[in-house]
Amino acid sequence: MPRRLRPTAPTAPDAVLVGDPGRALLLAQELLEQPRMSNHARGLWGYYGSTPAGDALTIQSTGIGGPSAALVLGDLAEMGVQRAVRVGTCVGLGRGCKPGDLLVVGEAIAAGGSGAAFGVEQDAAVKPDRELCERLLSEFEEERTASAIVSVDAHPEEASRAAGAVAADMQTAPLLAKARLLGVEAAAMLIVSECAAGAGALEKEALEDLERRAGRVALAVLSG
């Protein structure tokens, strides 16, 4: 099967994964010194460069949904990625979270069918790499615990039956499942960008500020 990515720069062992190509550019400008575009095929913008500490880092967009993210991760693993942190957005389900919250994913419930391709039964939970998850939690000044989220394939209504999930997204569960199959250490941190109950969505500037903050946390974890 042909690759989705057509790299024009090296691929680092550590990667920050985002869904949105615009977020990949934002974080490349925030985290890398003199970033180089490493991929623009299929609109999946990717960047490579050195961090201020001198570490190599890849920042790669994965597109929308679990199948796209899993395919991109497969390409990255083939090119040498060993650890990855997803920085994404999610919809709060009205269970103790609000727009602007940053969630460290402790488990992702596979509500959609795409997880089955990676050995995850419907409504089963996938856990991140334990060490990366603990490092993410330790980067916050305030004490917090990892959150349960649910990953859907189509629409947030699919998430209504996921007991215990505080938020919904469209790719974390399949991505973590694919990482497990590939032997890639992976974890995820999500920004609550809106709530299903209609509590309002984050404005663009506020969201970008949180994206930068989450990117810096991911970088600190991968550099540790």
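Here is a friendly exchange about cysteines, salt bridges and backbone angles in this predicted model.

This being a predicted model, local features need pLDDT of at least 70 and side-chain atom pairs count only at pLDDT 80 or more, while totals for chains, interfaces and linings use all residues. Residues are numbered from 1 along each chain as its sequence is written, and side-chain values use heavy atoms, with hydrogens and water left out.

Me: How do you know that cysteine 90 is not in a disulfide?
Reply: A disulfide needs a pair of cysteine sulfur atoms within 2.5 Å. The closest cysteine sulfur to that of cysteine 90 belongs to cysteine 97 and is 6.4 Å away, so the two are too far apart for a bond.

Me: And what about the sulfur of cysteine 97, which cysteine sulfur is closest?
Reply: That is the one in cysteine 195, at 5.4 Å, again too far for a bond. The search of the whole structure finds zero disulfides.

Me: Why is cysteine 90 called buried?
Reply: Buried means under 20% relative accessible area, exposed means over 50%, and partly exposed lies in between (1.4 Å probe, protein chains only). Cysteine 90 has 2%, so it counts as buried. Cysteine 97, at 11%, is buried by that rule too.

Me: What makes arginine 42 exposed?
Reply: Its relative accessible area is 62%, so the residue counts as exposed. Arginine 42 also has a positive phi, near 60 degrees, although it is a residue other than glycine.

Me: Why is aspartate 123 called partly exposed?
Reply: Its relative accessibility is 40%, so it falls in the partly exposed class. Aspartate 123 has a positive phi as well, near 70 degrees.

Me: Why is the pair of arginine 4 and aspartate 75 called a salt bridge?
Reply: The term asks for a side-chain nitrogen of Lys or Arg within 4 Å of a carboxyl oxygen of Asp or Glu. Here the closest N and O atoms are 3.0 Å apart, so the pair qualifies. Both residues are buried.

Me: How do you know that glutamate 30 and arginine 212 form a salt bridge?
Reply: Their N to O distance is 3.8 Å, so this pair meets the cut-off. Glutamate 30 is partly exposed at 31%, and arginine 212 is partly exposed at 23%.

Me: What makes lysine 127 and glutamate 107 a salt bridge?
Reply: The N to O distance is 3.2 Å, so the pair is counted. Lysine 127 is exposed, at 54%, whereas glutamate 107 is partly exposed, at 24%.

Me: How many salt bridges does the search of the whole structure find?
Reply: It finds 14.
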